[in-house]
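Notebook open, viewer loaded. I'm jotting down what I look up as I go.

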Amino acid sequence: MNCRSEALEVSVEGRQVDEAMLALLHTILLHRSTGKFHYKKEGTYSIGTVGTQDIDCDFIDFSFVRVSSDELDRAIRKAVGEFKDAMGNGMDGMGQISLEFYQKKKSRWPFSDECIPWEVWSIKVNVVNLANEQERQICREKVGEKLGEKVINIVEVINRHEYLPKMPTQSEVDNVFDTSLKDVQPYLYKITFQITDTLGTSVSTTMRRLIKDTLAL
Amino acid sequence: MAAHFDTEYQRLEASYSDSPPGEENLLVHIPDGNKSPWHHIENLDLFFQRISFYPSKNGFTCMLLGEVFELVQLLFVVGFTVFLANCVDYDILFANKFVNHTDSSKVTLPDAFLPVDVCGASIRDNVAVMFVLMISGVFWLHRLIKFIYNVCCYWEIRSFYTNALKMSMVSLPYFTWQEVQARIVEIQKEHQICIHKKELTELDIYHRILRFKNYMVAMVNKSLLPVRFRPPLLGESVFYTRGLKYNFELIFFWGPGSLFESEWSLKPQYKRGGNRLELADKLASRILWIGIANLLLCPVVLVWQILYAFFSYTEVIKREPGSLGARCWSLYGRCYLRHFNELDHELMSRLSKGYKASSRYMNCFLSPLLTVVAKNVAFFAGSLLAVLIALTIYDEDVLAVEHVLSSITLLGVCITVCRSFIPDKHLVYCPEQLLRLILAHIHYMPDHWQGNAHRYETRDQFSQLFQYKAVFILEELTSPLVTPFILIFSLRRKSLEIIDFFRNFTVEVVGVGDTCSFAQMDIRQHGHPAWMSEGKTEASIYQQAEDGKTELSLMHFAITNPQWQPPTETTHFISQLKERVQRETTGDRQTLTSLSGSEPRSLIANFLAGPPSLASLHLGRDGSLTDHGPVGVNDGASALRSLSVSSTRGSCSSAHRSAGHASSASRAMPGSSTDARTASSGSSVWEGQLTSLVLSEYASTEMSIHALYIHELHKQQSGGELSRHTWHRQDSDDSSDSVTEEGGSGGGNPNPRNLIPRSHTFPISTPISTPGPIPSSNSVTPLQSNSQRRYGGNTDSVGPGGRVVRSARVPMGGWAEEGRGGRHPDTVPEEGSEDDMPPNTHKVFTQTHTDLVSVYGVPYHCFPLSSGDVTDQRSHPHPTREEPSADL
């Protein structure tokens, strides 16, 4: 519960899925990335710069700004690609992709590190099938407008003064930021997706909770 | 160096870092660093729960030691039992078999032990023993893992206490929960434990700790859980055990496929009304499966229960056999009496304060028949015992005769048992007064108990809340057998209501998650018009909490957490109530008169006037009180007096007393708050002494006063309501709803006996000597009981009207919508239909008591218990017979 959650919902045509997802995920990550930290003596650091890049979409009348980091782009494209494959091509369907920012908390030996999410963005996708080219044209524009609205929503949410992990010291930087990329340093994130909204939690989570609960008190 | 061009523009030198050269030194940041590990805790519910449990376990070392010993004890008990059963040659012990020793003739203990291989074999051959051993082995391992896990968690909590809250383990016992909580609120600003809000409120913390408990309390309050049964022969009884509770929680909150998807949020599909029937079906089948699983696991659980009971209670029984005859608050009672947002330790301390009075009350009801029998049995047993003892003293060889020692022991036990049935000759029992004293602590009580304290029905119902320890253990032991059937046959039928309950009464609070809406303690949404929130509440009957739970919980929370900032409306309610209580104290009865429509013999005014020291202490009142002093030698006064004794401690109390007496005339603090803390802080004398511990004790006293006051007012109000409606009866105005619902809470039951509304006790508080409306209300009395019939029967004969109004206001999925009006939520404990009093008794009661003057002034049910004929009268209570004593 100790985590903000934001929900977005879009309806797109099958071939627009990956571009729409990329647009939204990149927009969020743009605001949740910093330049690389360069730690100096006495616990100070300076922040490197972040380049940005305009991307035009092929199937949507829309262009968005993303961090100009190919590595990050590759990682996200991979996740979105998997999501799209899982959705099945060109079929009606629903899916949800979520981008979760988390912090790691080191714990003592017998337990593995805890990952505590602090913000979750879930994007629901409805895939629609369109009959003819005319509708596709309209859809192209419509989706573009919609995505524009969503981007503004995202920026509004991000502009609120809400909890962000505190800037870490050098030793702790891995607990907050993803330092594996060479040119940019986003907050630790993970992308998960879910295809149909399955009823009920999965067996594994239930079992985990069952065990946890018996242990708890 | 880069190549030179003719233009001014030059290519910058490529550098690995993409910052402009030199800027590294200009823009320097300093990390905040996560020095404390306490920011952003993942599972705040659990975290707060542990924090709240921690002090009650007396710190880390005690907890650790306690758990270690528990584990060892468990091993020992199992091991020893098995050893006793298999490895001891009892023939040798009982000297039926002789051992031939070469060196001495004495039999030593080791002689009685079987050799290791023999007893190992006998254990291995015995399937039952192996079964028990295996179960206890699993149980023990489970405990061990739990122990290790707990130790890790509590170590974390310990470091939270010392590092973040800055409370050393040594000083921990000196802090109250309220102080700990204040520090947590303080910490949040710095560490941001919860990321949703900048600041935490007390209510947030309580909501997180008690999320599920609040749901349970609300469900018990709305009679949703099947815990009342009418088995043949036993009459109405409550069956609510830990096993059943565990299953309920498993089904609702955390088990596989439960309604909650995580600890803090209800699954979204349960929040939508659309497919509730489908969800109810699903829930029903889940309950069925869990019930079947229970049935299958029954033998295991049973063995577990027996072992558990054996481990936990044998030692206690051996140490003090009387403890089985002692009473304890039943699990159901704890649920019924619990306020919303009341922590375990708060509840327990409250109930413990009421324990003494409660057991005294229960002891009032000794059967005279049993007493006579017991006296005689004790006589015969006693004489036999005396002879045996005398003989033994004369010559101790008597002891060597077979069975003399055992018969002495048995006779002793027999006499002890008999003695418990013989009441103390010199005690005078006043059930009514005792019940009032109990009410001051337990805060909840069905309306019909008042004025009926001497009746066996009341006693039986009270014993559902306050049961024998032996009964408790017995219920726990039978629980594995009964639970599956309750789940399969009772709970399953309620699945739709449960689904509706969770949908209608779940609200999402930012920073807390989904909580029970009752726990918000919002008068407007859940207030009950008969409990002071008339006009403020917009709740339909379905939404109203019964027994004034919302109002009392609100007061309780506001009083225990003075720092809490309630929403404005709520603040208004609280201050209004406090003001009323205060006004009562000043003896300004006119206001109350106008308020309740008749002139009530205000209990509060009397008893607060009674002990002036207390009044001035709690209410910061001045000398005007002393004028009313002589009025009350009444139950309330004594109730409060004993309260004050219990709640003020040692030197403090005496200081207060004297100060109160001395200054009550001179010190005038008109308009000051009724809050004890405010009043006391006004005086510099006490400021140094008042630790928060003392303050919290005042808070509990203050809450007692408020609880008594609210109950009293409720009684008067519901009475006033009725007489008002007597006049407007024909109009069938819409406002009659409020009476209908509380009068006809047993609504829909065609049994004519139930038609008397629960407010029938009202006329008791109407004195005869009042001018104005009272004579008329007197003359109306027969009519009134008529009208009560009408109202009670509203759901029946006039039914359609009331029912329609009701269902119109019930939100979707309310009970009424289901066409199960007949199963409308009854007031939990009272269940008009279960009231065994014949209707004419009611009428007689009503009429006689209208003629009584100042019933409260005199404890009219007081009688010495041992004198035969009076006991007789008590056991066959007849209202008219009590009249003379009441006229004292």
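Where does A:Ser69 lie in chain A? I found A:Ser69 in the loop between β6 (63-67) and α2. Keep in mind that this is a predicted model.

**A:Ser69.** I checked whether this serine is buried or exposed. A:Ser69 comes out as buried, since its relative accessible area is 0% and the cut-off for buried is under 20%. Leaving out residues up to four places away in sequence, I get contacts from A:Ser69 to A:Asp183 and A:Val184.

**The hairpin before that loop.** I stepped back to β6(A) and looked for its partner. β5 (residues 52-56) of chain A pairs with β6(A) in the antiparallel sense, and I have five bridges for the pair. One register to note: A:Gln53 has A:Arg66 in β6(A) as its bridge partner. The two strands make a hairpin, with six residues between β5(A) and β6(A).

**The open sheet in chain A.** Next I traced a four-stranded sheet. The order I wrote down is β1-β8-β7-β10, the sheet is open, and the pairing is mixed. Which strands stand at the edges? They are β1 (4-13) and β10 (189-194) of chain A; each has a single partner strand, so one side of each lacks a neighbour in the sheet. Direction ignored, neighbouring strands here are turned by 20° against each other on average.

I then zoomed in on one pair. β7 (residues 93-105) of chain A runs antiparallel to β10(A), and six bridges join them. Within that pair, A:Ile97 stands opposite A:Phe193 of β10(A).

**Helices on that sheet.** What does α2 (residues 70-87) of chain A touch in the sheet? I see α2(A) packing on the sheet with contacts to β7, β8 (114-128) and β10 of chain A. The direction of α2(A) makes about 10° with that of β10(A), and under 35 degrees counts as roughly parallel. Helix α3 (residues 133-159) of chain A also packs on the sheet, touching β1 and β8 of chain A. For α3(A) against β1(A) I have about 170°, and over 145 counts as roughly antiparallel.

**Over to chain B.** I pulled the totals for this chain. Chain B has 37 helices and eight strands. Of its 888 residues, 54% are buried. I also looked at contacts between residues at least 6 apart in sequence: 76% of these in chain B join residues at least 24 apart. The exposed area of chain B is about 40000 Å², with 62% of it supplied by carbon and sulfur atoms.

**Cores.** Which residues have the most contacts inside the largest nonpolar core? I noted B:Tyr240, B:Phe252 and B:Phe502, in a core of 130 residues. Helix α31 (residues 692-727) of chain B gives the largest share of this core, eight residues. Another core, of 54 residues, lies apart from it and includes A:Met21, A:Val125, A:Val151 and A:Val184. That last one, A:Val184, is a residue I already had as a contact of A:Ser69.

I went back to B:Phe252 for its contacts. Not counting residues up to four places away in sequence, B:Phe252 touches, among others, B:Met219, B:Leu225, B:Leu491, B:Ile498 and B:Phe502.

**A helix pair to finish.** At what angle do α7 (residues 177-191) and α8 (residues 202-209) of chain B cross? I get roughly 110°, with the axes coming within 10 Å. The two helices are therefore roughly perpendicular to each other. From α7(B) the contact includes B:Trp177 and B:Ile184, and from α8(B) it includes B:Ile205 and B:Tyr206.

Key. Residues numbered from 1 in each chain as written. Chains lettered and ligands numbered in written order. Predicted model: local features only at pLDDT ≥ 70, side-chain atom pairs only at ≥ 80, totals over all residues. Heavy atoms only, no water. Buried < 20%, exposed > 50% of the residue type's maximum accessible area, 1.4 Å probe, protein only. Contact = heavy atoms within 4.5 Å. Areas by Shrake-Rupley, 256 points an atom, 1.4 Å probe, with all protein chains shown as cover. Core = buried A, V, L, I, M, F, W, Y, C linked by side-chain atoms within 4.5 Å. Pairing = 2+ DSSP bridges. Axes fitted to C-alpha atoms, helices over the stretch in contact; angles between N-to-C directions. Parallel < 35°, antiparallel > 145°, perpendicular 65-115°, else oblique.
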